[in-house]
Protein chains: 2
Amino acid sequence: MTSRQDCIQMDEDDDLASLRSHFDLPEGLIYLDGNSLGARPRQAAARAREVVEQQWGTDLITSWNRAGWFDLPIKLGDKLAALIGAGPGEVVVTDSTSINLFKALSAALRIQASDPRSASRKVIVTERSNFPTDVYIAQGLTEWLDRGYHVRLVDTPEELDAAVDRETAVVMLTHVNYRSGRLLDMNALTAHAHRRGALMIWDLAHSAGAVPVDMAAADADFAVGCTYKYLNGGPGAPAFIWVAPRHLSRFSHPLSGWWGHARPFAMESGFERSDTIRSALCGTQPIVSLALVEAGLDVFALTDMAALRRKSLALTDLFIDLVESRCGAHPVTLITPRAHEHRGSHVSFEHPHGYAVVRALIERDVIGDYREPHIMRFGFTPLYIRFVDVWDAVDRLAAILDAEAFEAGIEPDAVT
Amino acid sequence: MTSRQDCIQMDEDDDLASLRSHFDLPEGLIYLDGNSLGARPRQAAARAREVVEQQWGTDLITSWNRAGWFDLPIKLGDKLAALIGAGPGEVVVTDSTSINLFKALSAALRIQASDPRSASRKVIVTERSNFPTDVYIAQGLTEWLDRGYHVRLVDTPEELDAAVDRETAVVMLTHVNYRSGRLLDMNALTAHAHRRGALMIWDLAHSAGAVPVDMAAADADFAVGCTYKYLNGGPGAPAFIWVAPRHLSRFSHPLSGWWGHARPFAMESGFERSDTIRSALCGTQPIVSLALVEAGLDVFALTDMAALRRKSLALTDLFIDLVESRCGAHPVTLITPRAHEHRGSHVSFEHPHGYAVVRALIERDVIGDYREPHIMRFGFTPLYIRFVDVWDAVDRLAAILDAEAFEAGIEPDAVT
């Protein structure tokens, strides 16, 4: 079995080990929740001071031009594009993932409705286990459009083959499932959707910055995602949206705010959509939060997604091996796929007292999180998690499970 | 004529003068653009460090509960409510003004459509001179709903009497016009809309924190507004939305994200709208920008809107008097109403070379702004603008206009 000393050696041999120095992590804390809120890049504190104290406090209104505030969604979008296999002018960082999904879904439905060959397609297909807001947004849009659209939920990805049919307008999937950590085959599912005449929207919330993503190779239509998980952009930082270049000239959605106008400062009384990626913008953006996204993106310039993926898989392999070998006597069940090609960068185990176990881990300075029902979730951000962290986390988990209390059945008193 | 010494005396006699010490304003700068981007409250820098360094950097994911991030939109909404005559649980700070207007307008149209007596009403009435994004949002929503709704634009507020008729579903107005600074009579116009059977939405972008606002007294239905102008919440800080208590249980809009769910952490696959003000929320919010809003709101606890209004009118009266007496030989035309009851907290003058004049003022450390066509706009935030600032600003304006260059016709080379 792998020893703690083996893990220390793995860290010494790790080419990416120095990337951890670009993050400010609290001493002694093992942070396995970067899949929910990424740790703070070292640059972020200085960047926040620059934006708040200099740009806002001293330069005031002139910063909209001089500090490039107005173009930040585009500038950050171009930086982020490289991480998801997109080109410049195809991505903006703006609004929330929910709102960006609303835009993408609206645009996709309109594209389908405007073509006589696809106008009768009224179904949006997604997974029941998708992150709830994705499903809610589709429900909200279809209900309001009130033109016969509806949402078809599948219980497993395997059902997608049959569920995507000639009634399907759009397939909308999350690349890595937020609970199970299952990674879907983006290229195959996109090709399948297209073969059946549907458009394909990907939610990259749990994959951008965590696994290699290549929107161009997948030939998908739209993607959205968040910047505050593996991209380390800060709490609730604005999300992103990618529009395939072939759709840019017709990217149309109901949130027609002034930042999406072809000439926003001409103050015209009629909306004229920009024919660039600016059409995915709506209103004025929260500049301080937006600016911090850059500190997170800049760390990725020091490495590449292939190297990060190798380390991510090594970390999750190690975690699964250690939990199963050291905690196998307890009712701990892996729900994340073992096969690398089906695994993202977080690992989930089911345990009947999962909530209490996660609370006990947090008290021992191991931060994971809990998702209903019974899921203990642990994220492994390869930018800053060490192999020895994995060993220490499992060591504490084993100690907790070996203690009597959890067998006695402590129940959750709240939801994290 | 008022002398500089008179202005110094007015500042000495000003009960609100000490409020300026709660802002960090650059030495020597006369900042007359708080109507576009409010100055930075002194507390904001420390607050940004706390959120970025401590809450994000050290406490990480636990801050969602421990630091109250998840409830910030509600907590800030309750603080803001007092400034607009609303009660607790009626306001949230979230998303952008454009997106909040989309929610309010959607909800208003649905309320009208759900009542057989008003279901045939298909018109949204607003001003052509409203801030463009308001008009664009109405255009976007009506076009997408595609149920015969359309937007009726009036050229002057006087036309509203006739334009609001039995076809009108919603009247949507901005309380203080962004160009002219004209203040509308909220109570009378709301009563007029209601008498004609329409619902009333107010955009308070240029009035919240600048003029007394009393949503309860006006008996309006919905309001939206921004926090980065007179509320000094920081660049692009999240906006707010108010829902009249009588509409809370049926406040429904298409942006049904997980933060608006009755049980967001239950992770259910069906959307069930919260019956509280949380139904106006959609997705995860940009916490750093959001948290800074509090620093701006806290300054208002030191005074009240009636006192601020008295000072605001004294400042704008003085500015108008001085410009007209000292610059009267030049083609400078007041477009802001002289009557107090029709004036907000900014003053606009037309000048054929307005853009060049504003640029020249900026070079002399007087920050105003320019809006097409020909409008020089000057905002007077009573929290931090002094009477002597008004005198000095006009002194420099007079010097610029007295110089030959602007009579020779310098044309704008860009739009600010």
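1. A word on burial before anything else: a residue is called buried under 20% relative accessible area, exposed over 50%, and partly exposed in between, using a 1.4 Å probe and protein chains only. By that yardstick B:Ser106 is buried, at 0% relative accessibility.

2. Some housekeeping. This is a predicted model, where local features need pLDDT of at least 70 and side-chain atom pairs count only at pLDDT 80 or more, while totals for chains, interfaces and linings use all residues; side-chain values use heavy atoms, with hydrogens and water left out. Residues are numbered from 1 along each chain as its sequence is written, and chains are lettered from A and ligands numbered from 1 in the order in which they are written.

3. How the copies sit. Chain B lands on chain A after a rotation of 180 degrees with 0.0 Å of shift along the axis, at an RMSD of 0.0 Å (a least-squares fit on the C-alpha atoms of residues with pLDDT of at least 70 in both copies). The two copies are thus related as by a two-fold rotation axis. They also meet through the same surface, because 100% of the interface residues of chain B are interface residues in chain A too.

4. The interface in numbers. Each side is counted by contact, meaning heavy atoms within 4.5 Å, and the tally is 86 residues from chain B and 86 residues from chain A. About 6900 Å² is buried between the two chains, with carbon and sulfur atoms giving 68% of that area. Buried area here is the accessible area (1.4 Å probe) that two parts lose on being put together, summed over both. B:Trp56, B:Tyr136 and B:Trp144 supply 14% of what chain B buries against chain A, more than any other three residues.

5. Polar links across the interface. There are 4 salt bridges between chain B and chain A, a salt bridge being a side-chain nitrogen of Lys or Arg within 4 Å of a carboxyl oxygen of Asp or Glu. A:Arg110 makes a salt bridge with B:Glu143, with 2.6 Å between the closest N and O atoms. Beyond that, 35 residue pairs (both at pLDDT 80 or more) are in polar contact between the chains. A polar contact is a pair of N or O atoms within 3.5 Å; within protein, one must be able to donate a hydrogen and the other to accept it, and residues adjacent in sequence count only if both atoms are side-chain atoms.

6. What chain B brings to the contact. Elements that each supply at least two residues include helix 2 (42-58), helix 5 (97-113) and helix 6 (132-145) of chain B. Helix 6 gives the most, with 11 residues. Helices here are DSSP runs (H or I, at least four residues), as are strands (E, at least two), numbered from the N terminus. The chain B side divides into 45 nonpolar, 27 polar and 14 charged residues. For that split, Ala, Val, Leu, Ile, Met, Phe, Trp, Tyr, Cys and Pro count as nonpolar, Asp, Glu, Lys and Arg as charged, and the others, Gly among them, as polar.

7. Back to B:Ser106. This serine is in helix 5 of chain B. Not counting residues up to four places away in sequence, B:Ser106 touches A:Trp144 from the other chain, along with B:Leu141, B:Ser252, B:His253 and B:Pro254.

8. Two more serines to look at. B:Ser312 lies in helix 11 (residues 305-326) of chain B and is buried, with a relative accessible area of 0%. Leaving out residues up to four places away in sequence, B:Ser312 touches B:Ala210, B:Gly344, B:Ser345, B:Phe380 and B:Pro382. A:Ser249, by contrast, is exposed at 53% relative accessibility, and is found in the loop between strand 10 and helix 10 of chain A. Setting aside neighbours within four places in sequence, A:Ser249 is in contact with A:Arg273 and A:Asp275.

9. Backbone oddities worth checking by eye. Most residues other than glycine have a negative phi, and most peptide bonds are trans. A cis peptide bond joins A:Glu372 and A:Pro373, with omega about -15 degrees, and A:Pro373 lies in the loop between strand 14 (369-371) and strand 15 (375-379) of chain A. In chain B, B:Glu372 and B:Pro373 are likewise joined by a cis bond, with omega about -15 degrees.

10. Positive phi values. A:His374 has a phi near 70 degrees and counts as partly exposed at 35% relative accessibility. A:Met267 has a phi near 55 degrees and is buried, at 13% relative accessibility.
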